[in-house]
Every structure is written in C-alpha cells, then in structure tokens.
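Student: Could we go through this one together, slowly? I have the sequence and the picture open and would like to know how to read them.

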Amino acid sequence: MRSINSIKDLSLQEIDALVQTAEHIIARPEHYAHKMAGKKLATLFYEPSTRTRLSFEAAMIELGGHVIGFSEAQSSSAAKGESIADTVKTISCYADIIAMRHPKEGAPLVASLNAGVPVINSGDGGHNHPTQTLADLLTIHREKGTFQNLRVGVCGDLKFGRTVHSLVDAMSRYDGVSFVMISPEELKVPSYAKLPLKERGIPYTQTTDLEGAMPELDILYMTRVQRERFFNEDDYVRLKDSYILTPQKLTHAKKDLIIMHPLPRVNEISVAIDEDPRACYFKQVLYGKYMRMALMLMLLEVK
Amino acid sequence: MNIDSIKTGIVIDHIKAGDGMRIYNFLNLGEMDCSVALIKNASSRKMGKKDIIKVDIVPDTDLNALGFIDPNITLNIIENGERVRKYHPELPERMTNILKCKNPRCITTTEQELPHVFMLVDREKDEYRCLYCESKAPAL
C-alpha cells in the first residue's frame with residue numbers, strides 16, 4: 001500500500017506511466033467507466049477548495065466508484081478535537097482511498113502514517129500539492145509534446161506558492177529545462193525549494209521583471225498572491241497586484257508560449273487573455289481530473 | 001584543578017570552549033543525581049582552550065545527537081575505570097523529540113502528541129529538516 005505526499009514520491013517512469021494512462025482515459029473513457037466499481041474515495045478537506053475536491057470526486061465517479069467525505073473542518077470530528085491519526089484510522093474502515101487537504105504542512109503525511117488505505121495529499125498549506133503538479137505535467141505534455149528543452153517562467157507568489165515548488169521540482173528532472181523565477185523581492189522562492197535545482201545543476205535566473213523575461217519563455221506559470229498565506233493584511237494589499245498579466249505584456253511572447261495557472265484566479269491574468277489560444281489554465285483543470293483518475297488507478301493497483 | 005576519574009560513565013572531550021553549557025543542558029545533566037563535572041576553558045594543545053564534561057553514568061539520550069551541536073567532540077565511554085570506546089558522534093539519520101519544529105504552519109503545532117522528527121538531509125552541512133513540513137531544524 002502506497003501513499004503520495006509529494007511529487008518527489010513519484011519516479012520519472014511512474015509519472016510517464018500516469019501520463020500514458022491519462023492519455024488512454026482521454027482516448028477511451030468508456031473503457032474506464034467501471035474500473036472502480038464498488039470502491040469508495042473519502043475526501044477529507046479541512047479547508048475550503050472547489051476545484052481539487054470536485055476534481056477528485058468527478059474522477060472517482062467517472063471511474064464508476066463512489067465518494068464520501070467532508071469539505072470543512074467544522075463539519076468533521078476535528079471540530080471536537082480528534083487527531084488526524086484517529087480520524088484516518090476510522091475512515092480507513094469505510095473507504096478504499098483518501099484524498100486529504102489540510103491547512104497545516106505535513107498533515108497528509110501524518111494521515112498516511114496512520115491510515116490503512118492509500119492517502120493522496122491534496123494540498124497541505126503552502127507545502128505540497130502533488131496532484132496539481134500532475135495536472136500541470138499532463139498540460140505541458142499535451143500542449144508542448146515534450147518535457148525536455150523548455151524554458152519555464154514561474155511568476156507571482158513564489159514564496160508560499162506550493163504549486164510552483166512542486167512544478168520546479170518535477171520539471172527539473174527533465175533534460176534541458178531551465179527556469180526564470182519572476183516575483184517581488186518579498187515573495188522569492190525559498191532556499192529549500194531551490195535545492196533540487198542546485199543539486200541537479202539546473203540553470204535558473206531570478207528577476208522582478210515579467211515583461212523583460214517574456215520573449216524567451218516556452219511556458220509561463222502564473223500564481224495568485226494568496227490572502228490566506230499572509231499574517232499581515234497590509235503586506236497582502238501592497239503585493240497582490242504586483243504581477244498582472246495583460247495582452248500588452250504578451251506582445252513580445254513566443255507564438256507557442258503556453259500560459260498556465262493553478263487557479264483560482266483573482267486578477268493576476270486579465271480575462272482578456274482567456275480567448276488567446278496560448279491560455280491553457282482551463283485545460284489544466286480538465287487534465288487534472290484525468291491525472292487524478294490515473295493516480296487512483298495506480299495506487300489501488302487497478303489494471 | 002583535579003577532577004576525580006570516573007569508574008563508569010562518559011567523558012565528553014574536545015568541546016569547543018563555551019559550548020559545554022549547551023551540551024550540559026541538552027543532556028539534562030542538571031536534573032541528574034549522579035556526579036557531573038563541567039570543566040570550562042581547560043587548556044588544550046589542539047584547540048587552545050576547550051570544555052570537558054564528565055558524567056558518572058551513561059545517559060539514556062542518543063549521544064550521536066551531540067554531533068548536531070559539534071561533530072568534533074570526542075565521546076569516551078568508561079567502564080570499570082577503563083576507557084572501552086572512544087569515538088566522534090556520527091549524525092543520526094533521524095532525531096526524534098530532540099528538537100522542536102518552529103514552523104507555525106507545521107502540523108506539529110496543532111497535533112500535540114505527534115513526535116517531533118527531524119531527518120538528516122545533508123550530512124556535509126549537518127542539515128536536518130522536519131519530517132512533516134521540511135523546515136530547517138532550529139539550532140540547539
């Protein structure tokens with residue numbers, strides 16, 4: 001039995017296999033419609049989420065399985081002070097697999113150490129969010145046709161943006177990839193998230209200038225400056241509008257650039273860009289569902 | 001200055017001058033009933049000055065964790081008045097309930113009974129990170 005806490009828990013071969021499975025599902029959805037018949041997914045969401053929870057639920061339903069769970073801590077026994085360990089030991093009696101989101105970093109790891117069924121980290125504070133990264137990878141694979149020799153720009157909140165850290169870690173394992181990290185000084189990538197780049201000798205630059213970096217990018221990954229990650233409201237208000245992508249800023253971008261965003265968007269990508277063929281953020285949502293289907297099939301060893 | 005030799009216990013030698021009290025506190029030596037000697041600023045050919053600690057028993061604590069404070073210290077295990085082992089502490093792969101995670105976003109801040117676990121991620125830099133949130137270990 002195996003759980004997924006971080007994208008690092010998956011080898012390149014396993015990621016390739018998940019991408020292949022997702023491609024099969026997209027090509028032959030009817031072939032997968034009953035694969036999880038009789039199986040139950042428990043979604044344990046201790047903080048609000050629209051996309052990730054519904055994506056997991058849709059993924060399980062499309063595989064022919066069922067879904068149980070809660071979508072806020074107040075409606076769970078956590079409100080009575082129950083520990084994560086006790087909660088997941090209980091849920092393991094009801095469900096075949098658990099998807100957990102929690103505001104505290106490392107909570108899904110604690111769950112995986114105590115559960116009798118696989119646990120998928122569905123976001124733990126500003127730490128890891130591996131299934132978002134799987135969605136990002138399938139998007140890159142489908143839109144660029146490769147993971148290699150790409151210049152990846154990540155922009156916005158690079159300090160607390162867990163999706164960025166996981167994407168950087170995952171993409172740095174492929175040949176010929178380089179990074180441009182575009183953020184205000186206050187929201188630069190923390191040193192631990194740059195470790196894989198240093199270890200693997202991957203080239204990267206850091207800049208505050210989004211437009212200046214634009215012409216060389218193959219991928220632009222935008223992120224939201226998240227209110228809930230700040231202790232101080234003044235800091236949030238001062239920084240939230242730092243990097244807004246507008247059609248003007250794309251003037252010098254490549255024709256085959258792809259623009260990604262983990263969503264939800266507030267105002268960091270102008271809606272005027274939604275019609276641009278380079279905008280891929282709603283495709284990411286769809287691809288995320290397929291990768292979650294592929295991941296659950298893998299963890300439950302369903303062929 | 002004379003300190004009686006010990007029959008069974010440990011002598012922690014080559015402690016960087018000034019660090020003796022940190023090790024004394026880390027091993028909770030103040031709480032112990034046995035004889036404990038902390039010698040500060042002893043002269044040393046190798047180091048100029050050094051601190052030394054002698055304890056009349058071998059404490060339960062994982063002595064290798066001392067390597068996190070100073071990997072150059074020497075541990076001498078004494079039995080029946082004879083030194084039976086002399087070694088430098090080797091950084092353990094995992095330290096449990098020795099350090100506390102200081103990250104306010106870490107799950108250990110709300111799950112009170114969770115053990116605080118730090119894993120060695122870089123032996124050359126003595127770098128430990130929290131098992132749960134991967135924050136750097138605080139200094140001892």
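**Reading the two chains**

Tutor: Let us begin with an open sheet in chain A, where four strands are arranged in the order β2-β1-β3-β4 with parallel pairing. Please keep in mind throughout that this is a predicted model.

Student: Okay, which strands are at the edges of that one?

Tutor: The edge strands are β2 (66-70) and β4 (119-124) of chain A, and each of them pairs on one side only. From one strand to the next, the twist averages 15°.

Student: And how do β1 and β3 of chain A pair?

Tutor: Strand β1 (residues 40-45) and strand β3 (residues 97-102) of chain A pair in the parallel sense, over five bridges. If you want a place to look, find Thr43(A), which stands opposite Ala99(A) in β3(A). You can then look for helix α2 (residues 51-62) of chain A, which packs on this sheet and touches β1, β2, β3 and β4 of chain A, with its direction making about 175° with that of β1(A).

Student: What about Leu41(A), is it buried or exposed?

Tutor: Leu41(A), which lies in strand β1 of chain A, is buried, because it has 26 other C-beta atoms within 10 Å, and 20 or more are enough for a residue to count as buried.

Student: Which residues does Leu41(A) touch?

Tutor: Leaving aside residues up to four places away in sequence, the residues that Leu41(A) touches include Phe56(A), Met60(A), Val67(A), Ile97(A) and Met296(A). Val271(A), by contrast, is 230 residues from Leu41(A) along the chain, and the C-alpha atoms of the two are separated by 35 Å.

Student: New topic: the other sheet in chain A. What is its strand order?

Tutor: That open sheet has five strands in the order β7-β6-β5-β8-β9 of chain A, again with parallel pairing. At its edges stand β7 (204-207) and β9 (258-260) of chain A, each with a single partner strand, so one side of each is left without a neighbour in the sheet.

Student: Can you walk me through the pairs?

Tutor: Starting from one edge, strand β6 (residues 178-182) of chain A is joined to β7(A) by four bridges, and the two run parallel; here Met181(A) stands opposite Gln206(A) in β7(A). Strand β5 (residues 151-155) of chain A pairs with β8(A) in the parallel sense, also over four bridges, with Val152(A) opposite Ile219(A). Finally, three bridges join β8(A) to β9(A), where Tyr221(A) stands opposite Met260(A).

Student: Which way do the side chains of β8(A) point?

Tutor: In strand β8 (residues 219-222) of chain A, Ile219(A) and Tyr221(A) point one way while Leu220(A) and Met222(A) point the other way, and all of them are buried.

Student: Switching to helices: how many residues are in α1 of chain A?

Tutor: Helix α1 (residues 12-27) of chain A has 16 residues, and it reaches 23 Å from its first C-alpha to its last, close to the 22 Å expected at 1.5 Å a residue. Its buried residues are Ile15(A), Leu18(A), Val19(A), Ala22(A) and Ile25(A).

Student: Why are those on the same side of α1(A)?

Tutor: They cover an arc of only 120° around the axis, which puts them on the same side of α1(A). An α-helix has 3.6 residues a turn, so residues three or four places apart point the same way. On the other side of α1(A), Gln13(A), Gln20(A) and Ala27(A) are exposed, whereas the buried residues are covered by parts of chain A that include α5 (130-144) and α10 (281-299).

Student: And chain B, what is its secondary structure?

Tutor: Chain B has one helix and eight strands, and of its 140 residues 24% are buried. Its strand β7 (residues 117-122) pairs with β8(B) in the antiparallel sense over four bridges. Along strand β8 (residues 127-130) of chain B, Tyr128(B) and Cys130(B) point to one face and are buried, while Glu127(B) and Arg129(B) point to the other and are not.

Student: Last one: how many residues does each chain bring to the contact?

Tutor: Chain B contributes 11 residues and chain A contributes 12. On chain B's side, those residues divide into five nonpolar, two polar and four charged.

Note on methods. Residues numbered from 1 in each chain as written. Chains lettered and ligands numbered in written order. Predicted model: local features only at pLDDT ≥ 70, side-chain atom pairs only at ≥ 80, totals over all residues. Expected span 1.5 Å × (residues − 1). Buried ≥ 20, exposed ≤ 12 C-beta atoms within 10 Å, placed from the backbone. Arc of directions from axis to C-beta. Contact = placed C-beta atoms within 7 Å. Nonpolar A, V, L, I, M, F, W, Y, C, P; charged D, E, K, R; others polar. Pairing = 2+ DSSP bridges. Axes fitted to C-alpha atoms, helices over the stretch in contact; angles between N-to-C directions.
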